[in-house]
Structures are given as C-alpha cells and as structure tokens.
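The following exercises are to be worked with the sequence and the structure at hand. Each task is followed by a solution in steps.

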Amino acid sequence: FLQSLAILAVLLVINYFYHSFFTRFLDEMPIYTKLKNSGMSTFVLVGLFCLFPALSEEIAIRGLLQKWLLLALSPFKALCLSSALFAMLHFSIISFPYLFAVGFLLGWVTWRTNSLYPAIILHFIHNFIVIFYFGY
C-alpha cells in the first residue's frame, strides 16, 4: 500500500502537467467548479466527487469485473483489460492514458492485497487531490 502511495504521487504530478497542457486549449469550466460556484457545500462535493466514485467504481471494476477476469486470464491481461474499461468508463479521450495508469495501479493494489479497501482509499485520495487541489 505504501508503494502504491508513492506511485500515485508520481501519477498525480504527471496528471497535473498533462492536463494543464490540454486545458490551456479548452475554455470550459469543470463541473466541480460550476457546482461550487452555485453554493453546493464542500461536504456534499466530497461525497459526490470523491467518496461515491471511489466506492462504486472499485466495487464494480475491481471487486467484480477484475475478479471475474482473473479467473479466465493471466493477472497482467486481467489488469490491462479492467484498466482499459475503467478508463473508458470516464468518457475522456484526453484522460484515457492517465486513467488507464491509475486504473492499473488500483487493480494492482487490489490484486496484491486481495482487498478492495486499499484501492478505495487510494481512489478517494486521488479524486480528492484532483478535484480540490488541481481544480478539475
């Protein structure tokens, strides 16, 4: 789990510069910013953008899909396929490579620890940092 925190930190730095490059060309305000500006509380935003996705996506992708894939495929292939589906679930071509890497990390942690809890915690931390510190 501690190794995955270090890898997540590296991925977040890459994400910051990667998205900073692309967002210079886009002039659309992120949904989080729109909701914050409309007066929605930070507590609700944390639940909506950090807690709910961490729980639901980890249960669905790692808890069900990846577990089924591991029964039929090698761990590497199962992790790659579940990571690709995780990235596609977010409907962002620009973010696909980054989300694939994050999905692979979350899948690897779930596989190595044989538990969803570390991946849920990492996913929550990731979303919290991306939303509240990077602003998108």
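**Exercise 1. How many aromatic pairs does the count come to?**

Solution. The model is predicted, and local features need pLDDT of at least 70, side-chain atom pairs count only at pLDDT 80 or more, while totals for chains, interfaces and linings use all residues. Residues are numbered from 1 along each chain as its sequence is written, and side-chain values use heavy atoms, with hydrogens and water left out.

Step 1. Apply the rule: rings of Phe, Tyr and Trp (its six-membered ring) pair if their centres lie within 6.5 Å; planes under 30 degrees apart count as stacked, over 60 as edge-to-face and the rest as tilted. The count comes to six aromatic pairs.

Step 2. Classify the pair of Tyr16 and Phe17. Their planes stand at 80 degrees and their ring centres lie 5.3 Å apart, so this pair is edge-to-face. As for accessibility, buried means under 20% relative accessible area, exposed over 50%, and partly exposed in between (1.4 Å probe, protein chains only). Tyr16 is partly exposed at 36%, whereas Phe17 is exposed at 54%.

Step 3. Classify the pair of Phe128 and Phe132. With ring centres 4.8 Å apart and planes at 35 degrees, the pair is tilted. These two residues are four residues apart in helix H6, and therefore about one helical turn separates them. Phe128 is partly exposed at 28%, and Phe132 is also partly exposed, at 22%.

Step 4. Look for a cluster. Phe76, Phe96, Phe100 and Phe104 are linked into one by ring pairs.

**Exercise 2. Determine which helices and strands the chain has, and how confident the prediction is.**

Solution.

Step 1. Count the elements. Helices (H or I, at least four residues) and strands (E, at least two) are DSSP runs, numbered from the N terminus. The chain has six helices and zero strands, and its elements run α-α-α-α-α-α from the N terminus on.

Step 2. Read the confidence. The quantity pLDDT is the predictor's confidence in each residue, from 0 to 100. Its mean over the chain is 88, and 88% of the residues reach 70 or more. Confidence is lowest in helix H2 (residues 31–37), with a mean of 68, and highest in H4, with 97.

Step 3. Describe the chain as a whole. Of its 136 residues, 34% count as buried. The chain exposes about 8,100 Å² (Shrake-Rupley method with a 1.4 Å probe; for residues, only the protein chains shown count as cover). Carbon and sulfur atoms supply 75% of that area.

**Exercise 3. Which side chains meet in a salt bridge?**

Solution.

Step 1. Recall the principle: side chains of opposite charge can pair when their charged atoms come close. A salt bridge is a side-chain nitrogen of Lys or Arg within 4 Å of a carboxyl oxygen of Asp or Glu.

Step 2. Apply the rule. The count comes to one salt bridge, and its partners are Glu58 and Arg62, at 2.9 Å from N to O.

Step 3. Place the partners. Glu58 and Arg62 are four residues apart in helix H3 (residues 42–72), so they are separated by about one helical turn. Glu58 is buried at 0% relative accessible area, and Arg62 is buried at 2%.

Step 4. Examine Arg62 further. Its charged end sits over the ring of Phe86, 4.6 Å from the centre (the rule requires NZ of Lys or CZ of Arg within 6 Å of the ring centre and within 35 degrees of the ring normal).

**Exercise 4. Describe the surroundings of Leu5 and the contacts of the chain.**

Solution.

Step 1. Locate the residue. Leu5 is found in helix H1 (residues 2–23) and is partly exposed, at 29%.

Step 2. List its neighbours. Contact means heavy atoms within 4.5 Å. Leaving aside residues up to four places away in sequence, Leu5 touches Leu122 and Ile125. Leu5 and Leu122 are 117 residues apart along the chain, yet 7.3 Å separates their C-alpha atoms.

Step 3. Turn to the whole chain. Of the contacts with a separation of 6 or more, 66% are between residues 24 or more positions apart.

**Exercise 5. Where is Phe91 placed, and is this residue buried or exposed?**

Solution.

Step 1. Phe91 lies in the loop between helix H4 (75–89) and helix H5 (96–113).

Step 2. At 77% relative accessibility, Phe91 counts as exposed.

Step 3. Although Phe91 is not a glycine, its phi is positive, about 50 degrees.
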